[in-house]
Amino acid sequence: MTNHSSSCRNPIIPGFNPDPSICRVGNDYYLVTSTFQFFPGIPIYHSQDLVNWTQIGNVLDRPEQIPDLDKTLINGGIWAPTIRYHKGTFYVITTNVFVDKPHLDFTRWRNFFVTATKPSGPWSNPTFFEYPGYDTSFFFDDENDGQVYVQGSFYHRIRKQISQSKINVETGETSAPHRIWSGTGEKAPEAPHILYRNGWYYLIIAEGGTETGHRVTMARSKEIDSDENDWEVCPTNPVITHFDLPSELVQCVGHADLFQDTEGRWHMVLLATRAYDGEHFPMGRETFLVPVNWDGDWPIVERPIKAVSANSFTKRSDLRPFGTKNDDNYKKKQHWGMDWLWLRFPDTSKYYLLNQNECILTGSDILLNDPKVSPTLVGLRQSHVKCRVTVELSNIKLLKNDASHLSTTAGLTAYLDCQHYHAIALHHRVDQEHELRVNHISSTSENKSINNITLSAASTLILAIETSEKKFHFEYKEQKEENWHRLATVSSKNLSTGFTGVIFGLFITGNASAQYSNFSYQML
């Protein structure tokens, strides 16, 4: 086996894929990432060479696995899963976070784990357990007493603390949390994992917050339940950071998980961003892989971590089907692909597959900027800095059973969250001409139209979003036309914030329906 992690294309899993955790079972590697408010939750990726990764499922693909996800707000929802394998069973442990609850209200954090015998699923319903914090992780202490431990992060705005409990994985019963480390003094010690090596328990955590001050630090102890003063701090902390490398493209480096490959070599997966001019990072927090030298007492990670150029990908255009199989019998069961995302739980009656490449969406009164209730919106992660997505929009029909809502807006959006998105959409009212708009919303502005034109007919319209390092371009053409028309260009800076990343979404608002066909994703 070659040293894959030194030759791989970073990020190994691009776009909205933060907080990675990994485990190896034989020759197979399985990796999970956070999904926050989006459903289905926690994609699971598979590789046998650490270079080529394929999504094989979603851990949380049934609403009953995530009670109250529909009550989560921006940056809440499913945080920081950890995946582990033990004696024939896969475990994924995570936290559903309710950011609107007070800091001292421990119902702000709802911790649980699910299990499966196959990583592609099905995964079990959740087992909930008590823990006053987030970023929980399992450690199975097979080298010693066989006890299972859960580590987690107390909320740093109350106090800095990594603590640990014993847990019964059959019942979810836990012991009282025991403080084991507070980090090196930087803010927000979190994302703990423990591993056992050469008679030592090594604790790896993140510190500094998930912005430019992010870093990975470590400590170790001969006893897993030692008091904080008995944990030996790594003398070369931080193990990795780019805080002092502001000119590097790769920033916000942290939240790591360590593992060995099939030949015993150590590697680390972690999150990072690609920040163009320090302020444009619409791809969000992505998953990176780096080789680790662990010949001595402490791991050494070579700096700086590099990312592939945005121009290094072979230009390719793919039709991205909505459905998973070429089957005309979609009326009985809707087979949406595993990579499509909804905001919280979808009202499935509003998403109807006609066939593999055509769907009808039905709107409601809920707009894209609603902070609490989910609009009709379904999308795919932006996975390349330079790309172009197109979709055909047709058959917009106002449902006239409600005379007070005889208007609709349907289109294509680059969506980060309800406070940050751009959208190109056709706006229509009964007995009026169609108006094509590019709308923009950010936390510093109202929902406003950047540019608009009036169309005299409502035939099939093809909408496009084209991206680069710093810009999003919004274009359209009617089906009969050869040439594209650019309606607006906006900065990607407005979509460079928060915990997630951009999705390209199809949406409709108002009491109406619209047909979407032939969604295409092209790398540029």
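Strands here are DSSP runs of E with at least two residues, numbered from the N terminus. The structure is a predicted model.

**Exercise 1. Place Ile42 and describe its backbone and its burial.**

Step 1. Ile42 belongs to strand 4, which covers residues 41-47.

Step 2. The phi angle of Ile42 is near 60°, a positive value in a residue that is not glycine.

Step 3. Buried means under 20% relative accessible area. Ile42 has a relative accessible area of 0%, so Ile42 is buried.

**Exercise 2. Do the same for His255.**

Step 1. The residue sits in a strand: His255 lies in strand 19, residues 250-260.

Step 2. Phi of His255 is near 55°, again a positive value in a residue other than glycine.

Step 3. With a relative accessible area of 6%, His255 is buried.

**Exercise 3. Describe the overall make-up of the chain. How many helices and strands are there, and how compact is the chain?**

Step 1. The protein chain holds one helix and 37 strands.

Step 2. Its radius of gyration is 24 Å, close to the 24 Å that the globule rule gives for 524 residues, so the chain is as compact as a globular protein of that length.

Step 3. The C-alpha trace spans about 75 × 45 × 45 Å along the principal axes of the chain.

Step 4. Turn to burial and contacts. Of the 524 residues, 58% count as buried. Among contacts with a separation of 6 or more, 58% are between residues 24 or more positions apart.

Step 5. Finish with the surface and the charges. The accessible surface comes to about 20800 Å², and 45% of that belongs to carbon and sulfur atoms. There are 49 positive and 59 negative side chains, and the centres of the two sets lie 4 Å apart.

**Exercise 4. Find the nonpolar cores. Which residues have the most contacts inside the largest one?**

Step 1. Start from a general tendency. In soluble globular proteins, nonpolar side chains tend to be buried together.

Step 2. In this model the largest nonpolar core has 44 residues, and Phe504, Tyr516 and Phe519 have the most contacts inside it.

Step 3. Strand 37 (residues 512-523) gives the largest share of this core, six residues.

Step 4. A second, separate core has 24 residues, including Trp200, Ala256, Leu270 and Trp294.

**Exercise 5. Locate two cis peptide bonds. Which residues do they join?**

Step 1. One cis bond joins Asn10 and Pro11, with omega about 0°. Pro11 is in the loop between helix 1 (4-7) and strand 1 (21-25).

Step 2. Another cis bond joins Gly121 and Pro122, with omega about 5°. Pro122 is in the loop between strand 8 (109-116) and strand 9 (127-129).

**Exercise 6. Work out the surroundings of Arg197. Is this residue buried or exposed?**

Step 1. Arg197 is found in strand 14, residues 190-197.

Step 2. The cut-off for buried is under 20% relative accessible area. Arg197 has 12% relative accessibility and therefore counts as buried.

Step 3. Leaving out residues up to four places away in sequence, Arg197 touches Tyr202, Trp266, Trp294, Asp295, Gly296 and Asp297. One of these, Trp294, is also part of the second core.

Step 4. Compare with a residue far along the chain. Arg197 and Gln515 are 318 residues apart in sequence, and their C-alpha atoms are separated by 56 Å.

**Exercise 7. Describe two loop residues, Val373 and Gln479. What does each of them contact?**

Step 1. Val373 lies in the loop between strand 26 (358-362) and strand 27 (376-381). Its relative accessible area is 41%, so Val373 is partly exposed.

Step 2. Not counting neighbours within four places in sequence, Val373 is in contact with Arg344 and Ile366. Val373 and Leu343, 30 residues apart in sequence, are 9.0 Å apart from C-alpha to C-alpha.

Step 3. Gln479 lies in the loop between strand 34 (471-478) and strand 35 (485-491). At a relative accessible area of 48%, Gln479 is partly exposed.

Step 4. Residues up to four places away being left out, Gln479 touches Glu392, Thr460 and Ile462. The C-alpha atoms of Gln479 and Glu392 are separated by 8.3 Å, although the two residues are 87 residues apart along the chain.

Technical notes. Residues are numbered from 1 along each chain as its sequence is written. This is a predicted model: local features need pLDDT of at least 70, side-chain atom pairs count only at pLDDT 80 or more; totals for chains, interfaces and linings use all residues. Side-chain values use heavy atoms; hydrogens and water are left out. Helices (H or I, at least four residues) and strands (E, at least two) are DSSP runs, numbered from the N terminus. The radius of gyration is taken over C-alpha atoms; the globule rule is 2.2 Å times the number of residues to the power 0.38. Buried means under 20% relative accessible area, exposed over 50%, partly exposed in between (1.4 Å probe, protein chains only). Contact means heavy atoms within 4.5 Å. Accessible areas come from the Shrake-Rupley method with a 1.4 Å probe; for residues, only the protein chains shown count as cover. Lys and Arg count as positive and Asp and Glu as negative; His and the chain ends are not counted. The place of a charge is taken as NZ of Lys, CZ of Arg, CG of Asp or CD of Glu. A nonpolar core is a set of buried Ala, Val, Leu, Ile, Met, Phe, Trp, Tyr and Cys residues joined through side-chain atoms within 4.5 Å.
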